[in-house]
Amino acid sequence: MADSAKLSVGGKEFDYSVRSGSVGPDVIDIRKLYAQTGAFTFDPGFTSTASCESAITYIDGDEGILLHRGYPIDQLAEQSSFMEVSYLLLNGELPDKATLDKFTTTITRHTMLHEQMATFYRGFRRDAHPMAIMCGVVGALSAFYHDSTDITDPHQRMVASHRLIAKMPTIAAMSYQYSVGRPFLYPRNSLSYTGNFLRMTFGNPAEEYEVNPVVEKAMDKIFILHADHEQNASTSTVRLAGSSGANPFACIAAGIACLWGPAHGGANEAALEMLREIGTVDRIPEYIARAKNKDDPFRLMGFGHRVYKNFDPRATVMKKTADEVLKELGVTDPIFDVARELEQIALNDPYFIDKKLYPNVDFYSGVILSAIGFPTTMFTVLFALARTVGWVAQWNEMISDPEQKIGRPRQLYTGPVQRDYVPVGKR
Ligand code: CMC
């Protein structure tokens, strides 16, 4: 691409520099556009807008490529661990063994919640959605950990990041135990990050909980696959909230709220509910027809992606993991047949081919999580748990950026022009 772009506004020509990243599309730097032309750009949904400079994650949606700090997601999912990927996302490089051990110990030592926080849970209805609990409890961390809310101090920022990564499994497990009326379990430091989470979620104080290594590995992979995804809606929310100088716990709570929606992290829950609603393979054509019908708002959940227009590399690993888990647990459930058949039918249907709609990460994650024993309401919670590391890495990157400013988009105003107020008796 050229190193500058010309724009003609109101008969005058303006030059804007074009900047190149290490890979990926160039960007036209239009920061001076408004000052020079008096015009804004209009890009609802940010389909053509690079909101920031970042060195964390790269996606090529056409080629189905996802890299964290340069490493392909399939290599990380197959060969790394969630703790190592967390270190990588936060610090930029893979750790050596001693550094990884130290990082893992640091995270492990932060897994307990302030004891008083347990009482918060009792204020929620038993049937509260665990995402509602997560939003509240994570936001409330800022009321307990004052010594890590000074965002100008890099040490405090790192302590807050470690705390968030460490405490999310505890908070998530407690929201599940609360919903089923079982006592909370304290973390056990001898277990891995993921093994500890499984025990806190499914264990009870009366018995020893045996962590199944196949399930532990699968869960760890699911966490890796969800760890970060560049400037998606929830990450952009975290950055926007953080750009005002808000504390990290409040910012992550904002990210959790955004993730909850069915077009984003809520899709895994919606996908499994859709599979259950379809129920049997013979009903698939009816749902395919609904997805294609312009007058029907129904969409195939777990299909399509804003960025991936070829395949979602996370879905490929997820599908393989689903097969491994189902085999290990010997689970048979008709929804798994519905999922496989639905994928085949959609992948061969011209509507889905033409619109480049492929299964995304959430299509198979629900199948695995359901086989492990998680209720659908916990699915997005697990996504939030894993994405926390991406959120804190992106938040840290933003705060350390010397060019960082408060995020403040503008608008194309289409409301009434100025008019005089008329008192109620005269209207
Ligand atoms: N089923 C049926 N039609 C679809 C679907 C779908 N799942 N997704 C998109 N389309 C159609 C849509 O109707 C539109 O058709 P037309 O051009 O005729 O109006 C076209 O494809 C483009 O859709 P869009 O909504 O403009 O695309 P987008 O990039 O704004 O939306 C999306 C991306 C993920 C929100 C959307 O594909 C969707 O709603 N999928 C279902 C929800 C889902 O699985 N979300 C999880 C995303 S992956 C996890 C994450 O990162 O959060």
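## A small set of strands

Strand β2, which covers residues 12-19, pairs with β3 in the antiparallel sense, and 2 bridges join them. One of the residues involved is V18, whose bridge partner in β3 is I28. Keep in mind as you look around that this is a predicted model.

Step back and you'll find an open sheet of 3 strands, running in the order β1-β2-β3 with antiparallel pairing. Why do β1 and β3 each have one side without a neighbour in the sheet? β1 (4-9) and β3 (27-28) stand at the edges and have a single partner strand each, so one side of each is left free of a neighbour in the sheet.

## Where the ligand sits

Now for the ligand. There are 21 residues around the ligand, and the ones that come nearest are H264, K294, L300, G302 and K355. Sort the whole shell by type and you get 9 nonpolar, 6 polar and 6 charged residues.

Some of the contacts are worth zooming in on. K294 puts a polar side-chain atom 2.6 Å from an oxygen atom of the ligand. R299 also has a polar side-chain atom by a ligand oxygen, at 2.9 Å. With L300 it's the backbone that takes part: one of its polar backbone atoms is 2.8 Å from a nitrogen atom of the ligand. How much of the ligand does the protein bury? On its own the ligand would expose 940 Å², and the protein buries 75% of that.

## The second largest pocket

Next, have a look at the second largest pocket, with its volume of about 180 Å³. Its lining is made up of S81, F82, M83, T104, L191, S192, Y193, T194, E216, K217 and D220. By type, that's 4 nonpolar, 4 polar and 3 charged residues.

Which helices supply at least two residues each to this lining? They are α3 (82-91), α8 (193-202) and α9 (213-226). Of these, α9 gives the most, with 3 residues.

## The largest cavity

There are also closed-off spaces inside the protein: 2 cavities of 30 Å³ or more turn up in the count. The largest cavity has a volume of about 70 Å³. To find it, look for M83, T104, I107, T108, T111, R188, N189, L191, S192, Y193 and N196, which line it.

Some of those names may ring a bell: M83, T104, L191, S192 and Y193 line the largest cavity and also appear in the lining of the second largest pocket. Two helices, α4 (97-108) and α8, each supply at least two residues of the cavity's lining. The largest share, 3 residues, comes from α4. Sorted by type, the lining of the largest cavity has 4 nonpolar residues, 6 polar ones and 1 charged one.

## The second largest cavity

The second largest cavity holds about 40 Å³ of space. Lining it are A322, D323, L326, F336, A339, R340, Y364 and V367. Three helices each supply at least two of these residues: α14 (313-329), α15 (334-347) and α17 (361-372).

So what types of residue line the second largest cavity? There are 6 nonpolar and 2 charged residues, with no polar ones. In the largest cavity, by contrast, 6 of the lining residues are polar.

Terms used: Residues are numbered from 1 along each chain as its sequence is written. This is a predicted model: local features need pLDDT of at least 70, side-chain atom pairs count only at pLDDT 80 or more; totals for chains, interfaces and linings use all residues. Side-chain values use heavy atoms; hydrogens and water are left out. On a 1 Å grid over the protein atoms alone, a cavity is a set of points where a 1.4 Å probe fits but cannot get out, and a pocket is an open set with protein on both sides within 12 Å along at least five of seven lines; lining residues have an atom within 4 Å of a point. Grid points are joined across faces, edges and corners, and a volume is the space filled by probe spheres set on the points. Helices (H or I, at least four residues) and strands (E, at least two) are DSSP runs, numbered from the N terminus. Ala, Val, Leu, Ile, Met, Phe, Trp, Tyr, Cys and Pro count as nonpolar, Asp, Glu, Lys and Arg as charged, and the others, Gly among them, as polar. A residue is near a molecule or strand if one of its heavy atoms lies within 4 Å of it. A polar contact is a pair of N or O atoms within 3.5 Å; within protein, one must be able to donate a hydrogen and the other to accept it, and residues adjacent in sequence count only if both atoms are side-chain atoms. Accessible areas come from the Shrake-Rupley method with a 1.4 Å probe; for residues, only the protein chains shown count as cover. Two strands pair if DSSP finds at least two bridges between them.
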